[in-house]
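Visitor: I would like to learn how to read a protein model, one feature at a time. Could you take me through this one?

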Amino acid sequence: MSMFRAKKFDLGCFTNIKIIRDHSKRKAFEAAEPERQALRYIIRNTTLPMRTRAMAQLQLTQMHCYTRPTQIRNRCVLGGKGRGVLRAFKMSRYNFRMEALAGNLPGVKKASW
């Protein structure tokens, strides 16, 4: 587990452990993605011998869970909340509203019609 944690990072940009864990997952996924793609290609290639495909399947299942793309979740950069996150701003609905009302988001203003 500790091998997937970032060794050195600026704690000023991280607010809680969920954001640190998400950062670690993204780094591990980025590092292992070429290997995962290669193994998946071998598994799906029906022209290869069954033993080779089975070995690739075994290697893929033994990779750490942080290397899976399903482990990555969009989180709010301000609070670390995992639900109700607006993709364009990477903020939760509540934080987006507070920042927009404070005028901290350029080009965003309260709608009125």
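**Reading the model step by step**

Guide: Let us begin with one residue: Asp22 is buried, since its relative accessible area is 11%, and buried stands for anything under 20%. Please keep in mind throughout that this is a predicted model.

Visitor: Where does Asp22 lie, and which residues does Asp22 touch, not counting those up to four places away in sequence?

Guide: Asp22 lies in helix α1, and, once residues up to four places away in sequence are set aside, Asp22 touches Ile72, Arg73 and Arg75.

Visitor: How many salt bridges does a search of the whole structure find?

Guide: The general idea is to look for a side-chain nitrogen of Lys or Arg within 4 Å of a carboxyl oxygen of Asp or Glu. A search of the whole structure finds one such salt bridge, and Asp22 takes part in it together with Arg26, with 3.0 Å between the closest N and O atoms. Both residues belong to helix α1 and stand four residues apart, which is about one turn of the helix. Their surroundings can be read as well: Arg26 counts as partly exposed at 35% relative accessibility, whereas Asp22 is buried at 11%.

Visitor: How many helices and strands does the protein have, and in what order do the elements run from the N terminus on?

Guide: There are three helices and two strands, and, starting from the N terminus, the order is α-α-β-β-α. The protein has 113 residues, and 25% of them are buried.

Visitor: Which residues make up the largest nonpolar core?

Guide: For a core, one looks for buried nonpolar residues that are joined through their side-chain atoms. Here the largest nonpolar core has six residues, namely Ala32, Leu39, Ile43, Ala56, Leu60 and Met63. Helix α1 (17-44) and helix α2 (50-62) each supply at least two residues of this core, and α1 gives the most, with three residues. Met63, one of the core residues, is in contact with Ala32, Glu35, Arg36 and Leu39 when its neighbours within four places in sequence are left aside.

Visitor: Which residues make a nonpolar patch on the surface?

Guide: Tyr94, Met98 and Leu101 make a nonpolar surface patch of about 320 Å². Tyr94 is found in helix α3, which covers residues 93-102, and Tyr94 is exposed, with a relative accessible area of 55%. For the protein as a whole, the exposed area is about 8,800 Å², and carbon and sulfur atoms supply 55% of that area.

Visitor: What is the phi of Lys90, and where is the place of Lys90?

Guide: The general idea comes before the case: most residues other than glycine have a negative phi. Lys90 is not a glycine, and yet Lys90 has a positive phi of about 55 degrees. Its place is in the loop between β1 (85-86) and β2 (91-92), and Lys90 counts as exposed at 53% relative accessibility.

Visitor: How many disulfides does a search of the whole structure find?

Guide: For a disulfide, two cysteine sulfur atoms have to be within 2.5 Å, and a search of the whole structure finds zero disulfides. Two cysteines can still be read by their accessibility: Cys65 counts as partly exposed at 28%, while Cys76 is buried, with a relative accessible area of 1%.

Conventions:
Residues numbered from 1 in each chain as written. Predicted model: local features only at pLDDT ≥ 70, side-chain atom pairs only at ≥ 80, totals over all residues. Heavy atoms only, no water. Buried < 20%, exposed > 50% of the residue type's maximum accessible area, 1.4 Å probe, protein only. Areas by Shrake-Rupley, 256 points an atom, 1.4 Å probe, with all protein chains shown as cover. Patch = residues over 30% accessible without salt bridge, like charges linked within 9 Å, V, L, I, M, F, W, Y side chains within 5 Å. Core = buried A, V, L, I, M, F, W, Y, C linked by side-chain atoms within 4.5 Å. Contact = heavy atoms within 4.5 Å.
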